[in-house]
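Subject: Structure handover

Hello,

Here is the structure I promised you. Please open it and keep it in view while you read my notes.

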Amino acid sequence: MKVGLQEERNYQKAGSKSLAGTHRQAMSSKGSFSQQTATEKSILQANKALTDEEWAKKEESEREQELSSQKLQEEQQQVEAQEMCLKENLEQLKKKLEELLKNQDIMLEHQLNVDVALLSTA
């Protein structure tokens, strides 16, 4: 019986060592897995941050493009308004010139008639 008890004790000792080793391996694997998971989370957070940054840049670019487009449209409207104003001014100047030329013709014709009348009486 002594041999059986001794073997059982050796087995239990070996088993507990084996269990302790297995436990250490499990804890090591768990630590390694936790570290790997933390690394993966860190990478995912970095990717998300980069994606968020890219998204923010894209939105900013779109806002700038929209503002630029609005500014261009406003400038085009101003140019069109100026062109219309210039056309109206040009038409007014043409009418004024035509009126001045008509008055000049009337005055010249009147002066010619006065000259003719003076020549015929003389």
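A helix here is a DSSP run of H or I that has at least four residues, and helices are numbered from the N terminus. That is where the name H1 comes from. Please keep in mind that the model is predicted.

Start with the overall fold. The chain has one helix and zero strands. Helix H1 covers residues 2–121, and the chain has 122 residues.

Next, the surface. How much of the chain counts as buried? The figure is 0% of the residues. A residue must fall under 20% relative accessible area to be called buried. The chain exposes about 11800 Å². Carbon and sulfur atoms supply 57% of that area.

Now the salt bridges. How many does the structure hold? There are two.

One salt bridge joins Lys 57 to Glu 53. Their closest N and O atoms are 3.5 Å apart. That counts because the cut-off for a salt bridge is within 4 Å. Where do the partners sit? Lys 57 and Glu 53 are four residues apart in helix H1, so about one helical turn separates them. Lys 57 has 55% relative accessibility, so Lys 57 counts as exposed. Glu 53 has a relative accessible area of 42%, so Glu 53 is partly exposed.

Another salt bridge links the side chains of Glu 60 and Arg 63. Here the N to O distance is 2.7 Å. Both residues lie in helix H1. They are three residues apart, about one turn of the helix. Are they exposed, partly exposed or buried? Glu 60 is partly exposed, at 35% relative accessibility. Arg 63 is partly exposed as well, with a relative accessible area of 45%.

Find both pairs on the helix as you read.

Best wishes

Conventions. Residues numbered from 1 in each chain as written. Predicted model: local features only at pLDDT ≥ 70, side-chain atom pairs only at ≥ 80, totals over all residues. Heavy atoms only, no water. Helix = DSSP H or I, 4+ residues; strand = E, 2+ residues; numbered from the N terminus. Buried < 20%, exposed > 50% of the residue type's maximum accessible area, 1.4 Å probe, protein only. Areas by Shrake-Rupley, 256 points an atom, 1.4 Å probe, with all protein chains shown as cover.
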